[in-house]
Structure formats: C-alpha cells, structure tokens
Amino acid sequence: MSFDSERSLKRWRPSGDCVPAALFFLAVFLYVRNGIDPRLMHHWQGPVFYTYPGFAGEFFRYPGGFAEYLYGLIAQCYAWRDWGALVLTAEIAAACALGALLVRRLHGKTRLLLALTPALFLLYQANLYYDGTPVRIALVIGLGCAVAFGRLMPFANRPAVWCGLFALFLAFSYYLGGMALVFFAPVAACALWVRAAPNWSKAARFLLCGSVLAVAAGLPFAVETYRLLEVRWPTASWFLSSDVRRIVVFWGLYLWTAALAGLSLRRVATVSAGAAASGGAGSAGRAGASAAKRAQSSQALSAAAPGAAWKRLGRYAPTALLFGALAGVMGYSYQAAGRDRRLAALDYFTWSENWDAAVRTAEALKPGEFNTLSRYQVNLALHEMGRMGDEMFRFPQDGGPLLELQVNSFLPYMLHLTNMCLRLGRVNEAEHYGSEALVFSKTDPRVYRLLALTYLVKGQTEAARKFLTVLSYSPLDRRWADGKLQSLQQDPQLTGDEQVQELRRRRLQTDDMLAVWQQANHSGPDVERLLLNLLERDSSNRMAFEFLMGYYLLNRDLQGFRNLATRIAEITGPGYLRPGGGRRTPRHYQEALVLFNEMTGSSGKISGMEIEPETVSRMARFKQVVARAGGRRAAMLEAREGFGDTYFYYYAFGSEDVQ
Amino acid sequence: MRRPGARTMAAAVGGAALILTALALASRPERPSAAVATSRAPLMDPDYGGVTIPPNIAPLNFRVLEPGRKFFVRIAASGAQAIEVFSKNGDIRIPENQWRALVASSRGGELQWEVFAKTPAGWVRFATVRIKVAREEIDPYVVYRLIPPVYNKWDHITIRQRDLRSFEERIVLDNKESLDREGRSAESACINCHTFLNHGTKQLLLHMRPAQRHQIPAMILVRDGQARMVDTRGAGAPPAAYISWHPSGRLLAFSRNRLVQMFHTAGDETREVVDLNSDLGLYDVDSGKIYTVPQISRPDRLETFPAWSPDGKFLYFSSAPAWAEKPNAVLDYNKVRYDLVRVSYDADANRWGEVQTLVRAQEFGLSVSLPQVSPDARFVLFCGHDYGSFPIYQPSSELYLLDLAQLDPNKGAAAAKPRRLDEINSARSDSYHSWSSNSRWVLFSSKRGDGVFARLYLSYVEPNGRFHKPFILPQKDPRYYERCLMTFNRAELIREPVTVAVEDLVRVMREASARQAEQKGLPMDTPWQPLR
C-alpha cells in the first residue's frame, strides 16, 4: 500500500459517489434548517466573538484555544436559519471530505459508508443545543493534519524524519485543536508504522501493534486529563464527561478514526502476507498484487451467473445502510431533543420579541415542560400582544407570574430577569442582576446590551458608552451599538429614543431596600409591593398592572384583584380596546369580577370595567357542570373541555394536570 | 503546466517591488508644515495636561480626540532630544526607551507636548501641553485586584502586580488558574485585602474566603517567604476583615465586622454595605496570640479601619456609636457616621493609652473611613462621605487631609481641621488611597469617569500637603479604558515585587478551604457569596 499513490486518486469515479453524497448532505441541510434550527443553537450557546485587539490573543494562550476562537467566529452564522444551516452542513461536509480522502488513501477506494459515518455523530451532536464544544472544527483540524502528514511523508526516506514530522503535527494539532490530537494521532501513527514496519520482523510488528492499541485505548483519557490541567477553566470535557449524549458523540468519532487506522493496519497485514508468499518486497510490488487481486475479484463477479444480481444489489447495501442510519439519527435525535428544542425556541422567540411565534411555541409545550422561566415567557408574550388578561389561563399557571428576584447560575434566566426588571421600571434591580450575570457570563454580548440600556435609562451614559464600545466590536451587535453611540453624540439626553424615555417614565424614584423586606418576615421580595410601587410611580405602567393582576388571580386574592381593578381605566393597550372603538375588559378580569361578586354578594360596578352577559352565563354553565359531576376529579375532567381556559376553572381546580 | 520564463519572473518581481515602494511612500510619516496655531489645548484622552509625573513612570500614551487624518506629537524637554510620534488614527504610543531617557533627564523640570492634527484645510497646531516631572520617584509597583463590579456573587478573581515603570502586568494570584505543586487550584476562593508591611513584600497578608458557603474565611500570612494560615476567629466572632501591620512587623491590628448587604431601588448607586457591629483585635505574629484591649473594642462603639502610624506609637481607626440593637435598625443605616480617632501604644511596654478623637463626625458633618497615615507621619489621609463605612459605594466620598502638625496635643479634635482636597476630588466616589513610601505620591481609586468602574489615579503631594492634578494609571493601549469593563480594586503601592511562590499561597488556601465550619454557614445577607 502506498500513501503517496496518485493512482488511487485516479481510481475515484465522481459520478458514482457524488450523487449519494450530495443527496446525503442535502438531507442534512434540510434537517439542520428545519429540524434543529441553527438560530436556537446560537441563542442557547451564546457564542462570543469580538474583533477588538487582544480578544484573539486570549484564546491562543492555551491548547485548543484556536478551535474555540474559530468556533466563536463560525457560530455567528448560526444566528440566521438558512445561512447557519448551510455553514453547519459545510462544516460536517468538510470533516467527511477529509475522512473520505483518508479512506481513499488507506483503502484505495472510497467507502461512502465509512467516509460519511462522522456526519451521523456530528448531526446528533448538533441537536444538543447547549453544547458549544468545537468538535467539528477539532475533527477537521485532526484529520487535516493527518492528510497533510501523509502527503509530506514521501518527501523523506528516513524514519527519523518521519518521526520528527509526526511529532510536529502532533504538537500542531494539539495546540490548534486541543482534543484534535485524538483524531490525528491514531491515523497518523498507523500511517507512520505502515511506512516503517514492512522492514521489521514479525515480532517487532506484533509488539508495536499491541502498544499502539494500548495507547489508542488510553489516548482520550490521557489527553483530556492533561489538557484540563493546561486549560484549567472548565472547558467542557469530552471523554470524561458525565453527559452520556456527549460521550456517545466523542467516543463514536474517536472509534471511527480508530477504524480508519485499523484499515491501514489490515492493509499492511494483507500486503505483508502477500509479499512473504511471493518472496517480493517493496510498495510497488504490494500495490501491484492488490490491484491484480481486485481485478480478479471483479472478473469473478461479472462472470458468475447465478447470484450475480444479488451481488450487484449488495453493492448498494452500504448506501442504503447509510441513508437508513441517517434517517434513524434524525428521527431519534429529533424526538430525544424535543423538550430542549421547544424550550429553546420559546426562549429564543421571547428574547427576539417575536411574540406570536413565542405563543405558538408555548402552545406546543407539554404541561410538564412549563417551569418558572417558560411561564414568565409566555405571560410576557401574551402581555406584549395585549392578550394576557384574555388568555393567560390557557397555559399552565403554577406559581408566580414573574421570575423570582434571585441570582440563578442559568444564564438565560438571568438575562430574562434583568430584562424583566428593566421593562417593569425597576432599573436598579436590572443593574443588579445584569451585573451578577456578568460574573459568570464573562463576555456575553446579550448581557452587555442589557447593561448598556440600563445605564442609558439611568442617565449614566459614560458607563453605557463602555458597554456600547465593546459591543461595536461584536459582528452581530455592531449596528445597534453604533446607532446608540451616534444617538448619544447627537442627543446626549436621548430625548428622541422612545424606548429609553418610556423606561425613564417607569423608573422608580423612591428608594427602598430589599433587605428590609426580608427582615419584615418575608422569605423573599414582596411581589405585591414591588409592583404597586411601580404603579404609584406610573399609573399607566401596563406591565406592572397586568402582572399584578396575574399575581392576585394566581393567589386567588379576589379582594386584592378588586382593589387593583379600580385602576383599569388608566390602562391602555390593544387588550382594552374594541376593534370598532370603545373600551373592553379582558376576559379573565371579567371572570374574576363575576366570581368576586358571587362570593361577596357585591354587585358594585367598577369604572372602566364591563362584565359581558356571556361571561355571566359561562359562569352559570360552569357551575352546572361542576355541580352535576360526581366528585372533584370527575368535575375537573368534565369542566376541562369547555372551561379549561377560564379563570373559573383555575380558581376551582388550579393547574393540576388531570392526566 | 509550463514553468514561467525568466522575463515573466523578472516582471513579477519588479511589479511587486514597485507596489511595495508605493505603499511605503504612501504610509511614510509626514511632518507638519505651515501649521496654523490655535490657542486652545488639544482634546486628549486621558487628559494629561498640567499633571505632575514621577520620573520613573511608564509612557503616558493617549488619544488625540481632535478631527484629523494624521497626527503628530513632539515631546520635548530642555536639553534633551525630543520624541516624535506619528499617528493616523490619533492613538499616540510613545516609544518606551526614548520616554524613559527623556523623563529621567527631566527631573524637576517640564515636558512640553506639541500636538498637531492634519485637517482637510491643513495642519493645525494646538497650545503646548505642559507636564511637570517631579524629582521624587514613585514606588515602582502597585498591586490590585481586577474584578467586575461585584454585587453579591464572585467567581474569577485575580490579584495583579503592575510595574509602574513599564506596562508589564503580572498575575500574582488567580483563584482559578494558580496551582499548588500538585497541580490543584484554589477552587475559586475569594482573595482580598492584600496588606504589605512597610511597602515591602517580605511580610504580607491576604484575606481569603473559600468558595463553599460552609467553609471558613481565613488570613494567609507570608513571612520570610513562607505562607501559613491564620484563623482570627475567637469566641464565635467573625474572622478578620481590615488589617494593618504594626511597623515592627510583629503585631497586626484587624477589624471584625458584621456586614450586611442591601440594594437601593432608586438612585445612581445600587449597592449598599452596612456595618452592624465591629471591633478591633490584635494578632501577635510571633506567638500567634489573638486578643484585644478595651480601648479598641468597646461594646457601645463600632471600631473599624485600623491604621498604624509609621512609628507604631498610634493606632488610628474609625469609630461610631453602636446602633443596630433594635429590630429593623438597618432602616437607620444612613444615619451612622464615624469619627476619626487614635489611641497611643507603647510597644516596648505593651501599654495602651486613651482614645483621642481627632475628627468628630457630628461637627465634621461627614463619616470618616479608611484613615492612612503618611510614611513621614505628617498627614492622615481619609475618606469623608455622607454616612456609613463603605466609601466606594458612596458617590459623596471625597478625600480629606488632616495635618497632624497642626494638632494641639491638649485640644486634640478641637484643633484638627481636615482639609477637603478639592484639587483631586471629583463629583463621584474618590476613595481607597495608598501613600508611596516617600510620602510624595498618593494612589487612589476613583469612579469619576463613569460612576461605575473604579480606576487608579496618581497624584503628587508637596511637603506642605498640596496635591497636584491627578492622572490615570497609564496603559499601553490608549483606548484601554474605553472598553475596560473591570474595576481596579484595593490598590497598594509597594517598593519591590511580590516574590512569594504562588504554589505556597494556593497550598495554604486549599488547607484553609478544607477545614469544615464549626458554626453554621454564612447568613443570606452576608455580602459577596461564591457563585456556586
């Protein structure tokens, strides 16, 4: 076998392999675009990339930093659906192309199944939205180094030079790709051995083969352990991780490279046996023998009459197996990552203020998938669309409507918490939680953006400028940041910035200390007081109003609701206006008021609130349904169909899942 | 493919040479010609105009903020060769070697900066910027923490040492990346309150808090190159916080504080730290004994911020009436004001005198914190602010100077009139100061730039106590501070580099972290919790 044989390239028939490969990657592209959605990957991982001086240098200080730097750059493309899918598919294709090149050189012809196997693992890994490990880049670096090593070896005929070259590429792949070492080392080591070993004795070959196997088995552990010492920061571990899904990917890819290496060993064994039998030696002789053997085999195939058809069919078996495996990986990973995908989508659409998409995504969530964060997100989306008072009880509401004011090491939570405080007008809390997020998010531009806006609202424009200046070096945030900087230049008070002006109107002016509340026998911040303070500052603060209404409704505090409802006349927005003009009262508020009147015997009107006859009659029907059902559970089942999205239902049964 | 002919090769080489020559000519520095003079000084960032610098300071790189396509700066001093710097974007990076030679030869003299900008209408020359060079050098090193603005959680903390004569910055200790000899890290322990004996590094102290809530804070003492842990707790009292070395190196004064963190819902500064209770204690370095004396640990007073005089005969500190006994007393946090007091101490006899009030908060109208006596024992520099004891969180914090030479030993406080240092204060928090060992320079932290990130400023002090215009710590990149989102914290001037082996520090920190708490974990409202 010759690593430098150009004849092996000439044997490649483009038309035979290109079509299935093209179809394969088309399927990958479509799945990435529609099944995974690179925007969700980008949002979940928050890849960071800046162009300011010194940013790149931080990565080049440690092995594998280059791969992480490159990933940060490439992953910016994931912010777009089509472009991101194309880029991600190209990354996978690049890794497979290098693998195909190695397969061809080691085996003399392309084996599509073997060459495209890494794509299956990489595709599965792409479903792990949270995993920003630069495995695709590391694989390309490792395999690229192996290919380059193979190409350079023929230029020298001395084993010492080969070993030196091997060490050089080893160090190179380690420095650039960190764990790329494990993708380079087995293939290159075997290629080295293939060159040197034919002249060795059988015993020496056997001994070395065993050593290579032993080293290969321990290589991932050794590299990762040492690398973690070098890198020190908790860059995600690969082979020693407790995350089973990640381990499957990394070990799968490693074993695939080991299989490639095994090909070269098998080929040497075959050629060596042939050389021993013929008494010949030399790579040309071995290549000739294997070529003759394949020619014989080919002739035998065509000549055999019975079973020839089966054998011809058998040639397509690997391709069929490949596409079958692809379908299997897609189906399984789509199903397995379903929860992550839905939650990531809800988070993404909420963050990008695509409220309609956020609500539709929330409708697809399973009841068990609602948590504090997702509940807040759907409530926020409904609020922004002016539908919170009409539809909040369409979704499971089990807990407060707001996020809890406490530090959480989950970055998406902190981003939304900071954003929530800012929207409400609790600007100092926004600064507090945004700064906490800075501690563990390091250089995430989303945190910078929130803090920039916070300081603009506070009037601390010099502090805002710093964050905006850094953001102007981020490819995706540059335009926004430069726009704000320009606005500051022309209008230092930002009088023309509607968002800033509105938040300044809402901003609390009365100082209070949260710890005081804690000492006043409250286990945490007093949500009612938090929101009432805001309404006292700005009575038209619709977000404070609606979330406080939600708070009362969720706590079944009808008296609190009734007291707050007197402010409804000051609230404007699409939910309070009829299409043809005139005011309307959101459905849940009507339902709560009807309940309140029923329970207290009151019939007093509230200015600005109108109870429609349909609400009264719906309550009457609800009571009938509940009354005729035998027992609570039966009543829940009976009433859920027609009243599951009403406040009546929630008041009576809560958000308990009847299933 | 045919090999290219000799003619083709020659043409290619010639063409490349032509292009390179053209590029070189295009980028050649251009000296100003026929410049139009203006009477105003150029807009610069940082603004170094009119400052006084030590003769051993790193180059004052800066940006010219004037409009222009090209910029030229000439830095000259009488009798010395001028430095010329060219720039296309306004960033002026002064060559270090030339700067060092020029400044060293200009002690007691003046540098003149001529700044030119090329506009479409031609060169403009601005009014000369004059910078004085003091005769006295500054201590060559400063040690500080570089951290994000911390609210409640900490994660990655580094203590860094900067050589003021260059731009070299070295990490002395990293709570994540520094390793002991076995390759183990400090596991994100909080490191703080580095305190050096007599501006040297042979003896120093470090305060640490492990990353697990149930673990015990400790002091790391370094003496003669060896590090060891010191447990300053006693009878259930919290461990040491603020620390001061007696100049003999054999005694430490420290404070024990019961700090509570709160957050404002309105106003520019969100954070608040309140000291509910505090006392001073003493640690005998030789015997390891921890004790106190009644004068510095009265039950009806809060005592904090100990600071020894250079001769060791007085211990200065802040003192306020105790206030937090009743429920919800924290509501009165903004009514607490500290006096500046001192107590005499005879080290030979181990005898303490009576407490003498130097500045009464009630008369002064402000709270006094962080007193620091100048090494020549002439002055006390301290922070004065509206209330409390955490000046970095107080926009009202300003620096004040008390001239001890004006003290009447009989009248004490009555004769002491601290002077507000209007020549260096700003509208935002100015605090945490450090004297140089020759008493001619002061380093302090200031949030004057944006109110959020603290930066380090240096100011020259005349023997009569007059301060000169402060200047910001120079950086290699003139735009460094534009995008620096970290705050410089707890800066101390020292005469020599830190030489203790970081492996020993980490080893001791790990030993301290390994101890389990005998008491319950830190209360929820204790400031500065570990991230995880």
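This is a short selection-by-selection tour of a predicted model, with chain B as the main stop.

**Confidence first**

Check the scores before selecting anything. The model has ipTM 0.91 and pTM 0.89. Now color chain B by pLDDT. Its mean is 89, and 91% of its residues reach 70 or more. Next, select residues 517-525 of chain B. There the pLDDT is below 50. The stretch still has 16 contacts in the model beyond near neighbours in sequence. Where pLDDT is low, the predicted coordinates should not be read in detail.

**The interface of chain B and chain A**

Show both chains. Select the residues of each that touch the other chain. You should get 39 residues of chain B in contact with 39 residues of chain A. The two chains bury about 3,600 Å² between them. Carbon and sulfur atoms account for 59% of that area.

Which side chains form the salt bridge? Select K466(A) and D450(B), which meet at 3.0 Å, N to O. The rule finds 1 salt bridge across this interface. It also finds 15 residue pairs in polar contact, with both residues at pLDDT 80 or more.

Stay on the side of chain B that touches chain A. Two strands, β12 (153-154) and β20 of chain B, each supply at least two residues to this side. β20(B) gives the most, with 3 residues. Now color this side by residue class. It holds 17 nonpolar, 11 polar and 11 charged residues.

**The sheet that holds β20**

Follow β20(B) away from the interface. Select β19 to β22 of chain B. They form an open sheet of 4 strands in the order β19-β20-β21-β22, with antiparallel pairing. Which strands are at the edges? They are β19 (240-245) and β22 (290-291) of chain B, each pairing on one side only.

Zoom in on β19(B) and β20 (residues 251-263) of chain B. Their antiparallel pairing runs over 4 bridges. For one of the residue pairs, pick W245(B). Its bridge partner in β20(B) is L252(B).

**Another sheet in chain B**

Select β27 to β30 of chain B. This is also an open sheet of 4 strands, in the order β27-β28-β29-β30, with antiparallel pairing. Its edge strands are β27 (367-373) and β30 (419-420) of chain B. Each of these pairs on one side only.

Move inward to β28 (residues 379-385) and β29 (residues 398-403) of chain B. These strands run antiparallel and are joined by 6 bridges. Finish on L381(B), and look across to L401(B) in β29(B), which stands opposite.

Technical notes
Residues numbered from 1 in each chain as written. Chains lettered and ligands numbered in written order. Heavy atoms only, no water. Pairing = 2+ DSSP bridges. Contact = heavy atoms within 4.5 Å. Buried area = accessible area lost by both parts, 1.4 Å probe. Salt bridge = Lys/Arg side-chain N within 4 Å of Asp/Glu carboxyl O. Polar contact = N/O pair within 3.5 Å; in protein donor to acceptor, adjacent residues only side chain to side chain. Nonpolar A, V, L, I, M, F, W, Y, C, P; charged D, E, K, R; others polar. pLDDT = per-residue confidence, 0-100.
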